[in-house]
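Got your viewer open? Let's take a walk through this one, stop by stop.

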Amino acid sequence: MFQARHLTVAVLLLAAAVVLVLGGCPKPTPPPPPPVGPALGPTAQAPSGEPIKIGAILSLSGPGAPLGTPERDTLTMLEKSINDAGGVNGRPLKVIVADDQTDENQALAAAKRFVESDKVVACIGPSTSPTTLTIMPVFKKAEIPLISCAAAVKITQPVEKYVFSTAQPDVIAVAKLMDYLKAKGFKKLAVVADSNAFGQSGVEALEEQAPKNGMQIVRKESFGSKDTSMTTQLTKIKGAGADAIVCWGTNPGPAIVAKNARELKITTPLFMSHGVSNAKFVELAGPAADGVIFPSGRILVADQLTDTDKQRSVLLEYTKAFQAANEGKTPDHFGGHAWDAMHMIVAALRSAGPDPKALAAALEQTRDFVGVGGIFNLSPTDHNGLTKDAFVLVTVKEGKWEIVK
Amino acid sequence: MHGPELLQYLITGLTQGAIYALVAAGFNLVYAATGIINFAQGEFVMLGGLLAVTFVAWHMPLAAAVLLPILVVMAVGAAVHWFAIRPLRRAHVVTLIMITIGVSVVLRGAARLIWGADSHPLPPFTPGDSIGLGGATVQPQSLWIVGVTAVAGVALALFFRRTLMGRAMVACALNSRAARLAGIRVDRMNMWAFAFAGGIGALAGSVLTPMTFTSYDVGTLLALKGFCAAVLGGIGNNMGAVLGGLILGVVESLGAGMFSGYKDAFAFVVLLLVLFLRPAGLLGVGLRRDDQ
């Protein structure tokens, strides 16, 4: 039985390996962005005095790196442009960036450092929902405002006095999609969702809102984030008699769903979430992306907006500034969340000064702020302030995005 | 569950199963020669896929982009043996298995640095729509996968039974001291085993990627499934690997057909059942090892 014992040892080792992998191995920390000293603007007075410190806890490595990196780039760019234009109330702004490695413990350590030793007046981030939920209590206790770039409902519901979010929550993405489905007369939905938090939160919202819009969910399927084939789930859906398929998830799952649906010759219209509102989805799904309709923030289609769109000028301004500062890289939603957070903080600093408590109260008063993610109207009962108008419906046509009229 | 639906699950399952079989064959190659379970096998698959993606991006013809990674990953496999395993060849097999886990972490980390965290697509080997079959559909790429596995399976069986090198490898595993006395260069045989495992892993990665995309972290799950398939078929037995892979793929697909959220659990339930009930695997004979 030597062999059997051998295998048992191998299985145990394997389990250890899985724990290692899932637990996250140490990731390299990218060098911090170069400090941007206050430069003399041609028209502005150079800021002077003690800098106003704003913390930023972002995922610059680990799975959240694609989110945190544009957020960091946006903040670095804004820090420079604000200081070039004279700072805030004559004082320079200093953004201190910490990489949480998409890890809750690292985020917590950074949060404590910001609160206890750096004494920041406000903090932007983290990039992901789990890290945000972990560090919220630190900022609540320290009474320092935290503006998250993540979208989980629990970040802003129930409302915490010191916690805000600039990311569009799922419920309004679902609401936007529902409007369209209802207008087009769809009645029977089949839902296929990622089994991760993003997918399941979407499913909850769909289950809640579908009956209210006269729709029925006839089939509900899920897939693992690392699944490589959704053929089985789609085969079941194919036989369920749905008139629309809604897929809720983040890359690469939905791209595989689109591909598999095409391979199975499923002709039922396919709808997706704002989780696929990025170039990667089109790259992965290829021709199978054509015809997929999903709610998306406007930044994806900024160049297609009409002159009457209130966000158009902000979006074009952000795009231009970001591209100039980042070698022509296209800005995305995530950088937009950081842009919105920074502008809201600066506006609140101008009206309330650098006291964290006064700052939180001022943030709560933000009205009609036209940002990248939408038009924000905050209140003591709403610390996100976006409505379903933050979204437009977008479809893919021959690999290009197009606004659905 | 009616006819066409069942057929579709079978097709999906057999395709997935063929991939598991290829990964299992990689485990077997190394096991047959060295007695080591090489947990970096999944990373060989990942490297094969990602290299193919890169070569396609460099505008290489698809055939070259798919075949070249096999050579590159063979070199990686040989290097893994030469630098990580060989210096410790006197160590216990369990120590060496742990080293392969370390190697897998290193390869994964390196791939992340080179290719980033995103998924990457690869075009199918033969373009075109899926083929209708009794109400179900088959992708052309599925046929490639099954075909490649069949060819690789037969080639491996012939290699171990008919060629001097293959028989020498088996000899090294059965009794390395006796093999050495018989004039077999055990070190070199072991290095070739790792190289071939790298090659077959890369082949799996290249045929798989057009169907599923690839990214730096696909290796872990594939290695787990491939390992399950190898154990199910009887580790060290190549026909067993093919059988184990196909059974595992079909069980998973049918299982997902019933409870879609728990697809991955089926592989491990199968693994546990095999270890409890028939540790030697379906076709295993329980190799006797007289040294180590």
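Start by selecting helix 3 of chain B and look for its buried residues: Ala65(B), Val66(B), Pro69(B), Ile70(B), Val73(B), Met74(B), Val76(B), Gly77(B), Ala78(B), Val80(B), His81(B) and Ile85(B). Keep in mind that you're looking at a predicted model. What do the buried residues of helix 3 pack against? Add helix 2 (41-57), helix 4 (93-115) and helix 8 (186-212) of chain B to your selection, and you have the packing partners on screen.

Now try the distance tool on helix 3, which covers residues 62-85 of chain B. Its 24 residues, at 1.5 Å each, should span 34 Å, and the end C-alpha atoms do lie 34 Å apart, so the expected and actual spans agree.

Next, zoom out to the whole of chain B. Colour it by secondary structure and you'll find 11 helices and 2 strands. Follow the chain along its sequence and the order goes α-α-α-α-β-β-α-α-α-α-α-α-α. Turn the C-alpha trace around: along its principal axes it spans about 60 × 50 × 35 Å. How does the radius of gyration fit a compact globule? For 292 residues you'd expect a value near 19 Å, and chain B has 19 Å, so the two agree. Of those 292 residues, 57% count as buried. If you look at contacts between residues at least 6 apart in the sequence of chain B, 77% of them join residues at least 24 apart.

Time to hop over to chain A. Give its two assigned domains a colour each: domain 1 is 52-169 + 314-386, and domain 2 is 171-302 + 391-403. Their centres, taken over C-alpha atoms, are 29 Å apart. Where they touch, domain 1 of chain A puts in 15 residues and domain 2 of chain A puts in 13. On the domain 1 side, select helix 11 (312-325) and helix 12 (333-352) of chain A, the elements that give two or more residues to this contact. Helix 11 of chain A has the largest share, with 3 residues. Sorted by class, the domain 1 side has 8 nonpolar, 6 polar and 1 charged residues.

Last stop: click on Thr134(A), in helix 4 (residues 129-142) of chain A. Is Thr134(A) buried or partly exposed? It has 19 C-beta neighbours inside 10 Å, so it counts as partly exposed; being buried takes 20 or more. Now show Glu104(A), Ala107(A) and Leu108(A), which Thr134(A) contacts once you set aside its neighbours within four places in sequence. Leu108(A) is 26 residues away along the chain, yet its C-alpha atom is 6.8 Å from that of Thr134(A).

Key. Residues are numbered from 1 along each chain as its sequence is written. Chains are lettered from A and ligands numbered from 1 in the order in which they are written. This is a predicted model: local features need pLDDT of at least 70, side-chain atom pairs count only at pLDDT 80 or more; totals for chains, interfaces and linings use all residues. Helices (H or I, at least four residues) and strands (E, at least two) are DSSP runs, numbered from the N terminus. The radius of gyration is taken over C-alpha atoms; the globule rule is 2.2 Å times the number of residues to the power 0.38. A residue is buried if 20 or more other C-beta atoms lie within 10 Å of its own, exposed if 12 or fewer, and partly exposed in between; C-beta atoms are placed from the backbone. Two residues are in contact if their C-beta atoms, placed from the backbone, lie within 7 Å. The expected span of a helix is 1.5 Å times one less than its number of residues. Domain bounds come from an automatic or database domain assignment. Ala, Val, Leu, Ile, Met, Phe, Trp, Tyr, Cys and Pro count as nonpolar, Asp, Glu, Lys and Arg as charged, and the others, Gly among them, as polar.
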